[in-house]
Amino acid sequence: MGNCRFAPVVEEMLFRGIVLRGFLTQYPSGTAIAHSAAVFGLAHLNIYQVVTLPLIGLILGKMYERTRSILPGILLHMAYNTAVVVNSVCIPGGMEDASIFELPATWSLVGIACGVAGASMIS
């Protein structure tokens with residue numbers, strides 16, 4: 001469960017608190033957020049999340065740009081990581097290799113709820 005508690009704190013301090021803040025002093029906000037999101041995605045070295053992580057990085061970056069605080073990002077990041085862990089632990093027997101579209105709707109709703117929470121924080 002350290003992945004759900006400690007990783008978001010460290011990653012938000014690094015990617016939003018240092019990388020994005022530095023980019024925001026040098027580039028327009030959209031460019032800075034996009035570049036920090038790309039760095040966030042690439043740093044995870046996970047081919048299975050090559051699309052997901054940069055999208056989450058965009059949301060987290062926009063949240064930081066709007067609030068100038070890493071706390072909302074930490075909370076959303078924790079919620080996302082927790083949803084991923086719960087999803088991977090609670091997959092019904094025999095569905096370990098199923099695509100996201102074949103899993104029970106509950107897990108899709110958890111993911112959508114995390115996205116809605118993040119999007120509502122940046123409006």
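A residue is called buried when its relative accessible area is under 20%, exposed when that area is over 50%, and partly exposed in between. The legends below describe close-up views of a predicted model.

**Figure 1. The protein chain is built from five helices and zero strands.** Along the sequence, the elements follow the pattern α-α-α-α-α. The protein chain has 123 residues, and 33% of them are buried. Its accessible surface comes to about 7,200 Å², and carbon and sulfur atoms account for 69% of that area. When contacts between residues at least 6 apart in sequence are considered, 63% of them join residues at least 24 apart.

**Figure 2. Glu-12 and Arg-16 form a salt bridge within helix α1.** The side chains meet at a distance of 2.8 Å, N to O. Four residues separate the two positions in the sequence, about one turn of the helix. In an α-helix there are 3.6 residues a turn, so residues three or four places apart point the same way. Both partners of this salt bridge, Glu-12 and Arg-16, are buried. A search of the whole structure finds two salt bridges, and the pair shown here is one of them.

**Figure 3. Glu-11 is a buried residue of helix α1 without a salt bridge.** Helix α1 covers residues 2-26. For Glu-11, the nearest side chain of opposite charge is that of Arg-16, 5.9 Å away. A salt bridge requires a side-chain nitrogen of Lys or Arg within 4 Å of a carboxyl oxygen of Asp or Glu, and the 5.9 Å separation of Glu-11 and Arg-16 therefore does not qualify. The side chain of Glu-11 does take part in a polar contact of 3.2 Å with the side chain of His-44. With neighbours within four places in sequence left aside, Glu-11 is in contact with Arg-16, Phe-40, His-44 and His-77.

**Figure 4. Lys-62 and Glu-65 form a salt bridge in helix α3.** The closest N and O atoms of this pair are 2.9 Å apart. Because Lys-62 and Glu-65 are three residues apart in helix α3, about one helical turn separates them. Lys-62 has a relative accessibility of 27% and so counts as partly exposed. Glu-65, at 19% relative accessibility, counts as buried. The buried residues of α3 also include Leu-53, Ile-56, Gly-57, Leu-60, Gly-61, Met-63 and Tyr-64. Helix α3 spans residues 52-67. At 1.5 Å a residue, its 16 residues should span 22 Å, and the 23 Å between its end C-alpha atoms agrees with that value.

**Figure 5. Val-19 of helix α1 and Ala-37 of helix α2 are both shown with their surroundings.** Val-19 counts as buried because its relative accessibility is 18%. Ala-37, in the helix formed by residues 29-43, counts as buried at 1% relative accessibility. These two residues are 18 residues apart along the chain, and their C-alpha atoms are separated by 9.7 Å. The C-alpha atoms of Ala-37 and Phe-15, 22 residues apart along the chain, are separated by 8.2 Å. Residues up to four places away in sequence are not counted in the contacts that follow. Val-19 is in contact with Leu-14 and Ser-36, while Ala-37 touches Pro-54, Gly-57 and Leu-58.

**Figure 6. Leu-45 and Arg-68 are loop residues with positive phi values.** Most residues other than glycine have a negative phi. Leu-45 has a phi near 50° and belongs to the loop between α2 and α3. With a relative accessible area of 78%, Leu-45 is exposed. Arg-68 comes just after α3 and takes a phi of about 55°; its place is in the loop between α3 and α4. Arg-68 is exposed as well, with a relative accessible area of 51%.

**Figure 7. Helix α4 comprises residues 71-89.** At 1.5 Å a residue, the 19 residues of this helix should span 27 Å, and its end C-alpha atoms are indeed 27 Å apart. The buried residues of α4 include Pro-72, Gly-73, Ile-74 and Leu-76. His-77, Tyr-80, Asn-81, Ala-83 and Asn-87 are buried in α4 as well. Of these, His-77 is among the residues in contact with Glu-11, which lies in helix α1.

Conventions
Residues numbered from 1 in each chain as written. Predicted model: local features only at pLDDT ≥ 70, side-chain atom pairs only at ≥ 80, totals over all residues. Heavy atoms only, no water. Buried < 20%, exposed > 50% of the residue type's maximum accessible area, 1.4 Å probe, protein only. Lys, Arg positive; Asp, Glu negative; His and termini not counted. Polar contact = N/O pair within 3.5 Å; in protein donor to acceptor, adjacent residues only side chain to side chain. Contact = heavy atoms within 4.5 Å. Areas by Shrake-Rupley, 256 points an atom, 1.4 Å probe, with all protein chains shown as cover. Expected span 1.5 Å × (residues − 1).
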